[in-house]
Amino acid sequence: MTNREKHIAECCESFEKLIREQLERVDGMKDGIEKNKNECTVIGLIDGDGIGPVIMDSARAVLFKLLENEMSDGNVKIKEIGGLTIENRTRLGQAVPEESLREIKTCDVILKGPTETPKGGGLESANVTLRRELDLFANVRPIRIEEEGVDWTFFRENTEGEYVLGSKGADLPGIAVDFKIITDAGTERIAKAAFDFAKNNGKKKVAIVTKANIMKKTDGKFSEICNRVAADYPEIEASDWYVDIMAANLVNPKIRKQFEVFVLPNLYGDILTDEAAELQGGVATAGSANIGERYSMFEAIHGTAPRLIEEGLKDYADPTSILKAAAMMLSHIGYPEKASTLGNAMAEAEKKRGTGKTPTSEITNAIIRLL
């Protein structure tokens with residue numbers, strides 16, 4: 001057997017293994033998942049890397065203030081989750097250390113700072129791993145541009161697409177191959193989440209975003225299933241859009257306010273929600289929710305900000321994104337009034353903030369005074 005034939009055979013064997021693993025995952029989705037049975041709501045806090053500990057200290061202070069009575073009464077417990085630093089993950093060769101994952105699974109919800117993912121190499125993204133391990137299938141990102149009447153909510157499929165197998169492709173002499181996967185069960189549940197949200201929140205339009213004209217099998221399936229789900233919501237207008245056209249639409253002030261809810265596969269959702277956040281005021285201004293049947297994780301949508309670290313400016317990191325994620329978490333666990341209180345305090349503190357760089361602690365203290 002030539003080297004080329006040997007490489008092909010090895011790839012075919014690996015691909016068969018991946019397909020079997022994904023079919024087992026689909027079977028698991030069909031079986032459902034048991035809910036947590038904690039007597040109180042357990043919130044896990046993960047600092048992360050780079051500016052993560054700085055902005056998480058801000059979130060920690062705000063949560064302790066807002067949930068002081070609930071913690072005293074035993075209705076809420078806040079738990080610190082360690083071990084997810086890039087140094088520890090690299091040392092262990094694990095995207096999420098096993099001990100940390102066990103601790104995470106004792107919680108109901110997680111509030112997480114950004115974690116670093118090295119370029120290249122074999123260490124997978126901690127976020128991708130957590131979304132897979134906790135089956136956090138819906139990434140929900142709200143974006144508001146109030147002066148234009150823009151009110152968007154993105155439902156990004158979180159456990160499939162290019163990301164689920166992103167570190168399991170083939171790298172052969174002269175060629176590299178990565179894989180994309182779309183399943184019926186995975187698409188149906190994210191579509192239902194988007195249309196249910198639209199129905200329950202008075203929205204009339206859902207945009208289905210793919211590249212189904214090129215990715216005919218995977219994106220074609222995603223579009224087909226979303227439209228099938230849409231038939232159960234006759235009061236909502238469903239429309240198909242290609243991702244490149246939608247990227248252009250979002251920066252077009254003449255038409256962008258016509259959109260309300262978006263449902264889209266993993267990679268496109270990652271890109272378009274960052275674009276949308278930039279239009280809102282920057283990636284530091286948007287929070288993110290990762291929702292599953294049993295667990296949920298809330299986080300800032302930006303990264304670890306290595307430039308701020310290099311320039312010695314980590315103590316000036318803007319905590320807005322993680323605090324918006326905290327507000328989403330509070331609403332999710334049954335405290336919408338506290339979420340609203342936090343949102344109002346953030347808006348008021350922002351109005352009073354001066355120009356130039358403001359220390360993170362100063363921003364935090366200003367918000368706490370308004371709570």
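Trainee: Hi! Which residue stands opposite leucine 111 in β12?

Mentor: That's phenylalanine 298. Keep in mind that this is a predicted model.

Trainee: Noted. How do β3 and β12 pair, parallel or antiparallel?

Mentor: Parallel: strand β3, residues 109-112, pairs with β12 over four bridges.

Trainee: And what about β11 and β12, parallel or antiparallel?

Mentor: Those two run antiparallel, with five bridges joining strand β11 (residues 287-291) to β12. One of the pairings sets isoleucine 291 against serine 296 in β12. A hairpin of four residues links β11 to β12.

Trainee: Is β12 itself mostly covered or mostly open, and how many of its residues are buried?

Mentor: Mostly covered. Strand β12 spans residues 296-300, and five of its five residues are buried. Ser296, Phe298 and Ala300 lie on one side, Met297 and Glu299 on the other, and both faces are covered.

Trainee: Switching to helices now. At what angle do α13 and α14 pack?

Mentor: About 125°, with the axes 9 Å apart. Helix α13 covers residues 336-352 and helix α14 covers residues 360-370.

Trainee: Why is α13 called oblique to α14?

Mentor: Because of that packing angle, α13 counts as oblique to α14. An angle over 145 degrees would be roughly antiparallel, and 65 to 115 roughly perpendicular. The crossing of α13 past α14 is right-handed.

Trainee: Cool, which residues make the contact?

Mentor: From α13 you have Leu342, Ala345, Met346, Glu348, Ala349 and Lys352, and from α14 Ala366, Ile367 and Leu370.

Trainee: How many of them are nonpolar, polar or charged?

Mentor: Seven are nonpolar and two are charged, with no polar residues in the contact of α13 with α14.

Methods
Residues numbered from 1 in each chain as written. Predicted model: local features only at pLDDT ≥ 70, side-chain atom pairs only at ≥ 80, totals over all residues. Heavy atoms only, no water. Axes fitted to C-alpha atoms, helices over the stretch in contact; angles between N-to-C directions. Parallel < 35°, antiparallel > 145°, perpendicular 65-115°, else oblique. Left-handed = near helix turned anticlockwise from the far one by under 90°. Contact = heavy atoms within 4.5 Å. Nonpolar A, V, L, I, M, F, W, Y, C, P; charged D, E, K, R; others polar. Buried < 20%, exposed > 50% of the residue type's maximum accessible area, 1.4 Å probe, protein only. Pairing = 2+ DSSP bridges.
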